[in-house]
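Reader: I'm new to this and would love a close look at just one part. Could you walk me through the place where the protein meets the RNA?

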Amino acid sequence: MPHELPKAYEPGAIETRWAEYWVKEKLFSVKTPPEGETRPVFTLLLPPPNVTGRLHMGHMLNQTQMDIIVRWHRMRGFITLWLPGTDHAGIATQMMVEKQLEREGKKRRELGREKFVERVWEWKKLYGNAILDQMKRLGASVDWDREYFTMDENLSRAVREVFVRLYEEGLIYRGNYIVNWCPWHETAISDLEVKHEDVQGKLWEIRYPVVGSDEFITVATTRPETMLGDTAIAVNAKDERYTHLHGKKVLLPLMNREIPIITDELAQPEFGTGAVKVTPAHDPNDFQAGLRHHLPQINVMDEHAHMNQNAGPYAGLDRFEARKRVLADLREQGYLVAEKDYALSIGKCDRCGTIVEPRLSEQWFIKIKPLAERAKEAVESGEITIVPDNYRQIYLNWMNNIYDWCISRQLWWGHRIPAWKCDGCKEFIVAREAPTQCPKCGGAKLEQSSDVLDTWFSSGLLPFTTLGWPEKTRDQAVFYPTTLLITAYEILFFWVARMIMFGCHFMEGHEQDPAIKKASGWQDKKNDSVPFRQVYIHSLVRDAAGEKMSKVKGNVINPLDIIERFGTDATRFTLAAMAAPGTDIAFSESRTGGYRAFANKIWNAARFMFMNVDRIEPGLRPATTEGGSPHKGVARFQSATLEDRWILSRFNRAVSDVNEALATYRFHEAANRIYDFFWGEFCDWYLELIKPRLNFEEGADQSGARAACANLVNLFDASLRLLHPVMPFITEEIWQAIYEGKVPYKSIALAEYPQASEEQFDLGAETEMAILQDLIVSVRNLRAELKVEPKVKVPIEVFAHEPEIRKMIDHNRGAVERLASVEKITFVDSSLANRTGARGTARFDVHLLYEQKIDVAAECDRLKKELEKIERGIGSGQRQLGNEQFLSKAPATVVENLRKQQQELAVMLTKTQSKLKELGCQ
RNA sequence: GGGCGGUUAGCUCAGCUGGUUAGAGCGCCUGCCUUACAAGCAGGAGGUCGCAGGUUCGAGUCCUGCACUGCCCA
């Protein structure tokens, strides 16, 4: 049955078909390897998307890079596990469902906790898989059998276990501290969830009367409403302006409360008046000062950031309304001294944009320094490497300036904190399972904390909890530490840093199966507690204008739209080709269009191949090695001609470069290298050169045609395998078509990745081919200049200085005739350099036997430009060669190359000069 | 305020440890439907590598300063 490939390349149909096939056939499911396994292992944890997530360009870049690396490893024989899952995303998901309720006119609190959580589960069941379904469309080769959700029972149990252990080790504590409070969400959030924004605001100066004198102390604030909770005024002990006021009191305006004047570092003499108000319940620095001086903490706001009863007459007002009223009253009573413009930075909730209120509340914290120490050490010692390298320092800086992590959230959706409060003694009991009796007072009335854990708490544990922790499993011995993590810079601290902290802590003493560790190339690593050996931080995808994409700006590019228009393969290729490490990607549709053209090129090259196979040798399959398996390079390639030797050598160079590039995460290099090879060498030259050999007419060299056809198939097969990690769909489609259903594996994804073979490099063939290409291009140039009709074949004269080159050109004269529309080649014995309209390189001269006059002026222009270039080259070369320091210091190969180049330039100089003279150019 | 990037052709970007005459895609110009491909083929124009110094035999590449610009942290 002949190969059937539709004339037009239409990615849509092909891609959905294979995406479904890969999932249905469970091609990427990994069984736990038994004891004694000796193959290398590669493990990658998918950064779990939020269940509320929709695929965006960042995901697509991330997943494309992961899939490339994963497929590459799998094809190279690694046991390759790519582990997918989703994150319950506490705040984000709760918001979704709250909004849904809002549309029904209901409120979360009316529903009650239990009912609400049920609703969230329902929501999750309906919509939570959307993003994973989108991933399937991308071709992500993950193990769907191992898919997890962060609130699965086993993972939740592990979370409780971790919490209890950390508590028992004294690394989790509970206390009243100032936290970032989001009044909209009514919960505490971590420092990382606060985004700072520079705004033009006001600074108000307020004077407080000193008790028992007619003096005032003036302080400045950007949040005047907090003065209602002031419990002191601070001045610096060294500040002589205030020495006489030490130990005195001021009367807090509006509240008529006497508060002390204290001396504290908080007040800096050079800043403002040198005196500051102290509000321990509403500012983190004031809070610390308050502790130092045992000041009362007066909280003047409730969880909605409305003023509470401590705010006296202002109770019930929203914080901003209260600010207005406070200012008006201060002004009226003569306490407001000044109002100034002031540039300040305000913190907003990352999720909803509400201005965050520093608020005193009871929360759970992780004592971070002990965990950070080891996490720092793991990176400093090189046990974990971070690529690109500059992120390493960013990571270490952050670890050095880390604060305790507030892990409790006043939400309902998430892992509920395993702590129960005794109604009798008010103590908290932390336990793995719900206790029935208080161990302190014996009370039986216990209530679990209503708080849940920060989402990042559970995701930080994933590298080991997804492998069965706290049990010691074979999966852990094989797959932990995971090999690589590919992620965005944005979550370096949120997630990456925490995984390292938790991994180093909870997996301490863990050892990977030594045979597998060695086979995988990690025998030099000492620490197997780390969650991954390497971290690759990918770039940010921006819009075509280089702007960060945001919903507000409306410049978000939906990857599914792009896929729809250009195909997944082309989109993947674009992201790979533009992903130079360390630089952001301005996503360009025009480039995606270019890579769809590349896919189309491959498609048509395949049609060309099939056309010939069907004509010459129906049923032809790619050759295998002795053992029957496809070759790691090009199998049974028979070099009969120059172009055969050349393409085999070029293929091996491409293979070597691509493998090298992927090993160092240089995706753009890998992609571009394949592109250049396939289009610029394989299609543009090789296919054109072998066309005559594929002649299968009566009387033609039929065995030669068969050999050429076999070479074509074998080379094409190897090229598809080389390209497969980047463009999985089109390569699968064509590869399957080559085998006409009788595939050696279920998928090209399971075939061998090409490896370069030293003996297939052929420098001689590459040099000869380069000369031949130069000759053909020269003739094409001349034809264009002389405006020769495309259909007219023109005889040429060629002069070659060296007999071997003349022989080589003669041998390949058919190629020149076909590719440059030459009628006949005549070799001459003397240089053609002086001939009008001749071209040449240092190796040959060529001249067209064509009547039409050349445009002398244009030719002069061209020659002059060329002469300039040559002279520049000679000038700089001579300067260097005349420099003894250069000769003595530069490496021999550099000098040698320069000499060779200078000789060629000298030849070209003479030729060009005499031609200029001949033409009489001015 | 602290830290990290970027500035190369009209546009978007490569150029890894300093070493030929700085590359690609898109766009532009010219000519071609040459039976794999017009989503193509052949040819062409276009850059004093942000500015100023320095190191070096040699700098787009390393160092210093400046300008503009982006991001992160506080």
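**Where the protein meets the RNA**

Author: Let's start with one contact: Lys-691 has a polar side-chain atom 3.3 Å from a base nitrogen of RNA strand B. Keep in mind that this is a predicted model. Ala-605 also comes up to a base nitrogen of RNA strand B, at 3.3 Å, but here the atom is a backbone N or O. Then there's Asn-604, where a polar side-chain atom sits 3.0 Å from a sugar or linking oxygen of RNA strand B.

Which elements help build this surface? Those giving two or more residues to it are β7 (194-209), α19 (589-616), α21 (667-690), α24 (763-785), α27 (856-881), α28 (884-889) and α29 (892-919). The biggest giver is α19, with eleven residues.

Now zoom out a little. RNA strand B is surrounded by 53 residues, and the closest are Thr-583, Trp-679, Asn-781, Phe-886 and Lys-889. Sorted by class, the surface near the strand has 22 nonpolar, 18 charged and 13 polar residues.

And what part of the RNA faces the protein? If you take the atoms of RNA strand B within 4 Å of the protein, 65% belong to sugar or phosphate, and the rest to bases. Of the contacts we began with, Asn-604 goes to a sugar or linking oxygen, while Lys-691 goes to a base nitrogen.

Methods. Residues numbered from 1 in each chain as written. Chains lettered and ligands numbered in written order. Predicted model: local features only at pLDDT ≥ 70, side-chain atom pairs only at ≥ 80, totals over all residues. Heavy atoms only, no water. Near = heavy atom within 4 Å. Polar contact = N/O pair within 3.5 Å; in protein donor to acceptor, adjacent residues only side chain to side chain. Helix = DSSP H or I, 4+ residues; strand = E, 2+ residues; numbered from the N terminus. Nonpolar A, V, L, I, M, F, W, Y, C, P; charged D, E, K, R; others polar.
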